[in-house]
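Trainee: Before we start, I would like to go through the terms used for this model and see how each one is justified.

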Amino acid sequence: MSLSRTVLIGVATTVAPSKSAVGGFFGHMARHAEGQGARLVLFDPKNVNSREGTMTARECLGTHGKHEWRQVKCRLPDVIYENVFVHLVMHGYVRPLRALARARGIPLFNPLMPCKATLSEWVRAHPETGLRVPVTTRVVDVATIDRMLDRFGVVYVKPVGGYGGRGVLRVRGDQGSVWVDCDRCFERGAFRRRLARAEFGRFMRRLLAQTSYIVQEQIPLLHVDGGKVDFRTVVMRDRNGAWKLIGIVPKVAAKGGVVTNLVAGGHKMRLAQLRQTLGATGVSLPVGDLERSSLLTAQALTRTYPTLGVIGYDLGVDAKGNIWYIELNPKPSRSLLNGEMSRASARLSAEFALYLARRRLSRQDVRGVIQ
Ligand SMILES: Nc1ncnc2c1ncn2[C@@H]1O[C@H](COP(=O)(O)OP(=O)(O)OP(=O)(O)O)[C@@H](O)[C@H]1O
Ligand SMILES: [Mg+2]
């Protein structure tokens, strides 16, 4: 038995699709894997029996052309696509699974990526990506923010491990006081207050006690209908490990809003529609540059993270057509993708999984590991 072994792709998720729900993202992924002669199962990391080397999972099985998800017991997968919700991962839900994969040499994507501060520094150190990076500093104490405020007038203060626009503050100096704007102040909803410097200091010290922050200069983003715009660009690797563009989705903040995140009041737009709207005001969108810098950055990151397979960037564009780096998400939410992008993403997820599995099996074959 060697490279001809049927590859088993394991998708780690706590989502359990109903028996007949075979049309969604996972259903597309499963049928694409089947078309490539592989098996695909969905499994909850807590249903793995590492001692036995088995797990309870769901498989999309078809009889007489009718597919349905069925519970199966199977061996450990040849490759794992870790697709567990970010908020569960933040609480260590997949730590045992990642340790098991490392111990068994099972390729797993995406790898854990460094925090926002480290990634901003990395992009800044790689100008060949064509991305501009706003001046960014790790917040040591309130004085760090005060210095940036004095330098730039308006700054963004955000948690290094944040997501969904949670806790992203726009801070504007105003004579002796400070305006603090936040669309999604953790569970407290929007927060818009003018604080005296001392009050701001107390406010920030409470936040800094809970988690680490970075402070950045404000990026002069383009605006449409009074809301600022940024771009979610999604790139993925295919069956040969090559990076491909899945799509570019403009996100627009509410009028005067701080963030463009959909869960925090933003809305998405079709790229063609935005091009038209901005074109009417004489602004042409550098779509080619958005794609090029997304692919170049991904290719450069792959040298350090060889199992990296999907990235969702947040990129900005200013009035001069410069492309700015806001952040990258190793687990971009699929809610931003339209049907065509979602199907392409499902196909490439299966293809990249096969690429990693076959690369591992061929290495084992070479070393004569597989009898
Ligand atoms: N320096 C900045 N200048 C202007 N706008 C910014 C800046 N930093 C962040 N933003 C705005 O805030 C939004 C959220 O910031 P960011 O993407 O860093 O946070 P997030 O909570 O991790 O988001 P995600 O859910 O995409 O992971 C950005 O999409 C952008 O609209
Ligand atoms: Mg973001």
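What follows is a short exchange on salt bridges, burial and a surface patch.

Mentor: This is a predicted model, in which local features need pLDDT of at least 70, side-chain atom pairs count only at pLDDT 80 or more, and totals for chains, interfaces and linings use all residues. Residues are numbered from 1 along each chain as its sequence is written, and side-chain values use heavy atoms, with hydrogens and water left out.

Trainee: Why is the contact of Glu82 with Arg98 called a salt bridge?

Mentor: A salt bridge is a side-chain nitrogen of Lys or Arg within 4 Å of a carboxyl oxygen of Asp or Glu. For Glu82 and Arg98 the closest N and O atoms are 3.0 Å apart, so the pair fits the definition.

Trainee: What makes Glu82 count as buried?

Mentor: Buried means under 20% relative accessible area, exposed over 50%, and partly exposed in between (1.4 Å probe, protein chains only). Glu82 has a relative accessible area of 4%, so Glu82 is buried. Arg98, at 12%, therefore counts as buried.

Trainee: Is Arg192 buried or partly exposed?

Mentor: Arg192 has 42% relative accessibility, so Arg192 counts as partly exposed. Its salt bridge partner Asp183, at 2.9 Å from N to O, is buried at 13%. Salt bridges that share partners join Arg170, Asp181, Asp183 and Arg192 into one network.

Trainee: How do you know that Arg202 is partly exposed?

Mentor: Its relative accessible area is 47%, so Arg202 is partly exposed. Arg202 is found in helix 6 (residues 197-210).

Notes. Chains are lettered from A and ligands numbered from 1 in the order in which they are written. Helices (H or I, at least four residues) and strands (E, at least two) are DSSP runs, numbered from the N terminus.
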